[in-house]
Amino acid sequence: MTKKITIGIIGAGRIGKIHADNLLRLPQVQITAVSDLFAGPELSAWAAERGISRVTKDSSEIINDPAIDAIFICSSTDTHVPLIKQAAQAGKHVFCEKPLSMDIKRTEEAVAAAEAAGIKLQIGFNRRFDHNFKRVREHVLIGSVGTPHIVKITSRDPNPPHEEYIKVSGGIFMDMMIHDFDMARFLTGSEVTEVYAQGGVLIDPVFGKYGDVDTAIVTLRFANGALGVIDNSRQAAYGYDQRVEVFGSKGSVAVSNDHPNTAEVSSAEGVTRDKPLHFFLERYNEAYIDETRQFVDCLSNGQPLPVTGEDGVKAETIALAAKLSYQLGRPVQISEAVQLKQEAEGAGSHV
């Protein structure tokens with residue numbers, strides 16, 4: 001009988017519980033412990049229902065447990081870097097939710113620690129595992145659209161987050177659009193070299209209160225010459241809007257929204273169908289399952305990870321460049337983003 005991979009989960013909020021349930025689908029996995037700062041009777045009951053024997057408030061109990069092979073880090077963003085470093089020192093493989101941090105230097109430190117320790121570090125860019133987007137990537141790879149010329153990505157949430165979340169989110173470019181920056185790299189197979197961002201507060205003044213925007217458009221230039229455009233909104237009245245198109249020299253490939261069903265009603269009054277799936281937990285349910293499965297498979301067979309720490313660094317750098325572009329009102333080269341941030345901080349500006 002093959003030895004099971006033992007996993008501990010740090011952070012038992014919504015996403016931590018989703019990962020736990022997905023891991024429990026895999027026969028080669030055993031979740032032995034969960035930690036959360038606010039662990040109490042409710043979490044203990046939840047864990048007991050799933051056969052998870054240990055619940056603690058102290059993440060170090062999981063990191064230092066010699067019986068645990070890998071850790072899922074699903075806690076708040078500010079904890080990611082120290083937890084990755086501790087896990088690396090303890091020889092634990094890590095799956096970490098995005099972003100690794102809000103600071104490129106700290107993110108690079110975490111990735112370097114993982115590499116030095118020889119542990120696997122996968123980042124939670126779940127959209128790479130979406131059935132639609134994977135198909136777009138496959139068509140680009142096999143040359144169905146020829147040389148990519150234009151990439152268009154739309155990502156709009158059905159409802160804006162609450163104020164407590166907004167003030168610590170890191171802003172729309174780091175919190176929301178970072179998925180699209182990763183998707184842009186994934187779909188084209190090329191690196192972003194320049195971004196130009198524009199944004200506005202069109203939905204709720206609370207975003208402006210924290211120096212954020214709720215509506216944004218970013219244009220991108222890629223190393224292979226392609227151009228891209230990403231649009232984000234924190235509120236789409238009709239539901240979760242997730243669309244992609246890659247246009248190239250031979251044609252285009254595009255995917256639209258997923259719907260609860262394909263029924264379409266035609267009558268004298270018009271043609272109607274159900275609205276798109278309402279939120280990311282529904283839209284990307286299978287993608288979450290697949291990213292978890294692939295991480296575990298990589299631990300089992302020693303294959304390279306599908307999403308690495310370096311992918312996290314690159315997406316965060318694009319997000320930083322987009323934020324700087326919005327603040328400066330000009331295009332920003334990816335190569336100058338870190339230096340611009342350091343100059344701004346030296347002058348007392350907040351980036």
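**Exercise 1. Decide whether strand 2 is largely enclosed by the rest of the structure or largely open, and find how it pairs with strand 1.**

Solution. Start with burial, keeping in mind that this is a predicted model. A residue counts as buried when its relative accessible area is under 20%. Six of the seven residues of strand 2 are buried, so the strand is largely enclosed by the rest of the structure.

Next, look at the pairing. Strand 2 covers residues 29-35 and strand 1 covers residues 5-10; six bridges join them in the parallel sense. Two places help you find the register: Ile-9 stands opposite Val-34, and Ile-10 has Ser-35 as its bridge partner.

**Exercise 2. Place strands 1 and 2 in their sheet, and work out which strands stand at the edges.**

Solution. First write down the strand order, 3-2-1-4-5-6, for this open sheet of six strands with parallel pairing. Then read off the ends: strand 3 (54-56) and strand 6 (121-123) each have a single partner strand, so one side of each lacks a neighbour in the sheet. Finally, follow the twist, which averages 20 degrees from one strand to the next.

**Exercise 3. Describe the surroundings of Asp-297, and decide whether Asp-297 is buried, partly exposed or exposed.**

Solution. Begin by locating the residue: Asp-297 belongs to helix 12 (residues 285-301). Its relative accessibility is 30%, and partly exposed covers values between 20% and 50%, so Asp-297 counts as partly exposed.

Now check its contacts. With neighbours within four places in sequence left aside, Asp-297 touches Gln-28 and Gly-302. For a link across the sequence, take Leu-26: it is 271 residues from Asp-297 along the chain, while their C-alpha atoms are 10.0 Å apart in space.

**Exercise 4. Work out the order of the seven-stranded sheet, and then say what lies across strand 7.**

Solution. The order is 12-11-7-10-9-8-15 in an open sheet with mixed pairing. At its edges are strand 12 (252-255) and strand 15 (332-333); each has a single partner strand, so one side of each is left without a neighbour in the sheet.

Take one pair from the sheet: strand 7 (residues 148-156) and strand 11 (residues 241-248) run antiparallel and are joined by eight bridges. Here Pro-148 faces Gly-248 of strand 11.

Then turn to the helix. Helix 9 (residues 178-188) lies across strands 7, 8, 9, 10 and 11, and runs at about 150 degrees to strand 7.

**Exercise 5. Compare how helix 13 packs with helix 9 and with helix 14: what are the angle, the handedness and the residue make-up of each contact?**

Solution. Take helix 9 first. Its axis comes within 9 Å of that of helix 13, and the two cross at roughly 120 degrees. That makes helix 9 oblique to helix 13, and the crossing is right-handed. Helix 9 contributes Ile-178, Phe-181, Asp-182 and Arg-185, which meet helix 13 residues including Asp-311, Lys-314 and Ile-318. The contact residues divide into six nonpolar, no polar and five charged.

Now move to helix 14 (residues 337-346). Its axis and that of helix 13 (residues 309-328) come within 9 Å and cross at roughly 55 degrees, which makes this pair oblique. The crossing is left-handed. Thr-317, Leu-320, Ala-321, Leu-324 and Leu-328 of helix 13 meet Ala-337, Val-338, Leu-340 and Lys-341 of helix 14. This contact has seven nonpolar residues, one polar and one charged.

Definitions and conventions: Residues are numbered from 1 along each chain as its sequence is written. This is a predicted model: local features need pLDDT of at least 70, side-chain atom pairs count only at pLDDT 80 or more; totals for chains, interfaces and linings use all residues. Side-chain values use heavy atoms; hydrogens and water are left out. Two strands pair if DSSP finds at least two bridges between them. Helices (H or I, at least four residues) and strands (E, at least two) are DSSP runs, numbered from the N terminus. Axes are lines fitted to C-alpha atoms, for helices over the stretch in contact, and angles run from 0 to 180 degrees between N-to-C directions. Angles under 35 degrees count as roughly parallel, over 145 as roughly antiparallel, 65 to 115 as roughly perpendicular and the rest as oblique. A crossing is left-handed if the near helix is turned anticlockwise from the far one by less than a right angle, and right-handed if clockwise. Contact means heavy atoms within 4.5 Å. Ala, Val, Leu, Ile, Met, Phe, Trp, Tyr, Cys and Pro count as nonpolar, Asp, Glu, Lys and Arg as charged, and the others, Gly among them, as polar. Buried means under 20% relative accessible area, exposed over 50%, partly exposed in between (1.4 Å probe, protein chains only).
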